[in-house]
Amino acid sequence: MTSQDDESNPYQVLDIKVEATDQEIRTAYRQRSLKVHPDRNPNNPDAARKFHELTQAYELLLDPLRRLALDAKLRIKLARAERFKAYDSKRKNLVEELEERERAFKKARVDKQKEEVARWQETEKIKEEGRKLREQREQEMKARQVDIESASAAQATNDDNEPPALVRVKFTVKAHPELTTPSAIASLLSPFGPTDEDSIVLSLKPSKKGSAEDKKPKYGTALVPFKQIGNAFAAVCASARPERGLAGIEVTWVGGKEPRVIEWLKKMGKLGNESVPDGKSSSTPRNSRDTLPAKAGVPQEQSKKMGSGKASSFPSTFPDLSKASPLSSASSNPPGLDYESLTLMRLRQAERERLEREIRQKEEAEE
């Protein structure tokens, strides 16, 4: 009986409400019993079981005590069902909220990953562009350095083949009949500094007038290489000056153009206002000692004493490039002076210092 009560609801078996009266219970029992009685359903094997359940439900509901217990049990069951229903609703809401949060978190994580990938790609693109630009600049710098080195090597070769301290001496044979040999030319220019006598080229041009037998040299031209460019510069500055022993003798640069180192020194203001345009001598007479001051490291009195017999070979107006760094020198370059010219001047400065030391030793030995 108890198991039957636990398994089925008498109100549901009789198909009545919980508030039904005893009369409604009896009426429902008679109506239901006519439908499920075994005598009326001989072919239904479940007819006896259903009629038995109907009878038990009828007896239980007509018993007041048992009905009260059943009502209490049904109320507890209903309350539990309502409570579980509320719990299920809350759990469902929590599950939905958690699922929504999880979806939002996954979406945010995917978006973050996409953003990181896009940022990484952009960074790699910038790095690649920077690398290409750096390589391009390095190639340009290497190509420029190769061009500069090639030009420097070519210029150095030209400087070795053609001395930069080469001057042209022009005179009339009638005024200077003694200047008919290279040694005489070397002796004439010896006050300005040593020359390469073996390399002097002398040309005597005959007069165009008169017979062939009477044609005598009228003009003389000599190409004289000085061993120091400072000495050549002093000779050019003293061109046609009687006080320097060059009366009627014109000394100019070969080719009518000053060496680049002289041009640079003038631009730097190291040679004062002295200028020899187009290889011609200056119109203002000046003592060659103005362009050839005391030697470096020698007192003024001693330099004057040394310069009394022979002009100094190294003008102090030449700047000392041996201590200048490429960057500092490049920052002070005058307009038009490039790295190639600066490199050539540094090489010439080193050679000039070596020759200067040798001449100092010789002069000190002579004293």
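Contact here means heavy atoms within 4.5 Å. By that criterion, R67 touches Y11, V18, E19, A20, D22, I25, L60 and L61, leaving aside residues up to four places away in sequence. The model is a predicted one. R67 is found in helix α5, which covers residues 64–161. Its relative accessibility is 13%, so R67 counts as buried. The cut-off for that class is under 20% relative accessible area.

The protein has 367 residues, of which 31% count as buried. Its secondary structure comprises 12 helices and 4 strands. The protein exposes about 24,400 Å². Carbon and sulfur atoms supply 52% of that area. Among contacts between residues at least 6 apart in sequence, 66% join residues at least 24 apart.

One of the contacts of R67 is I25. I25 is also among the buried residues of α3, together with A28, Y29, S33 and V36. These residues cover an arc of only 130° around the axis, which puts them on the same side of α3. An α-helix has 3.6 residues a turn, so residues three or four places apart point the same way. The face of α3 turned away from the buried side carries the exposed residues L34 and K35. Helix α3 spans residues 22–36, 15 residues in total. From its first C-alpha to its last it reaches 21 Å, close to the 21 Å expected at 1.5 Å a residue.

The loop between α2 (10–14) and α3 holds D15. D15 is not a glycine, yet its phi is positive, at about 60°. With a relative accessible area of 62%, D15 is exposed. A240 also has a positive phi, of about 65°, although it is not a glycine. This residue lies in the loop between α7 and β4. A240 is partly exposed, with a relative accessible area of 40%.

The largest nonpolar core contains 33 residues. Within it, L189, V224 and F226 touch the most other members. The elements that give two or more residues to this core are β1 (166–172), α6 (182–189), β3 (217–225), α7 (229–237), β4 (250–253) and α8 (260–267). Helix α7 gives the most, with 7 residues. Another core, of 15 residues, lies apart from it. Its members include V13, A28, Y29 and L54. A28 and Y29 belong to the buried set of α3.

F226 illustrates the contacts made in the largest core. Residues up to four places away in sequence are again not counted. F226 touches A165, V167, L189, F192, G193, P194, T195, N231, A232 and A235. V167 sits in β1, where it is buried and points to one face along with V169 and F171. L166, R168, K170 and T172 point to the other face and are not buried. In a regular strand the side chains alternate between the two faces of the sheet.

Strand β1 pairs with β3 and with β4. The β1 and β3 pairing is antiparallel and runs over 7 bridges. In it, K170 stands opposite T221 of β3. Strands β1 and β4 also run antiparallel, joined by 4 bridges. There, T252 in β4 is the bridge partner of R168.

Helix α6 contains L188. At 18% relative accessibility, L188 counts as buried. Leaving aside residues up to four places away in sequence, L188 touches L179, G245, L246 and I249. L188 and R244 are 56 residues apart in sequence. Their C-alpha atoms are 9.9 Å apart in space.

Helix α8 is one of the elements that give two or more residues to the largest core. In α8, the residues V261, I262, W264 and L265 are buried. They cover an arc of only 160° around the axis, which puts them on the same side of α8.

Key. Residues are numbered from 1 along each chain as its sequence is written. This is a predicted model: local features need pLDDT of at least 70, side-chain atom pairs count only at pLDDT 80 or more; totals for chains, interfaces and linings use all residues. Side-chain values use heavy atoms; hydrogens and water are left out. The expected span of a helix is 1.5 Å times one less than its number of residues. Buried means under 20% relative accessible area, exposed over 50%, partly exposed in between (1.4 Å probe, protein chains only). The arc is that of the directions from the helix axis to the C-beta atoms. A nonpolar core is a set of buried Ala, Val, Leu, Ile, Met, Phe, Trp, Tyr and Cys residues joined through side-chain atoms within 4.5 Å. Accessible areas come from the Shrake-Rupley method with a 1.4 Å probe; for residues, only the protein chains shown count as cover. Two strands pair if DSSP finds at least two bridges between them.
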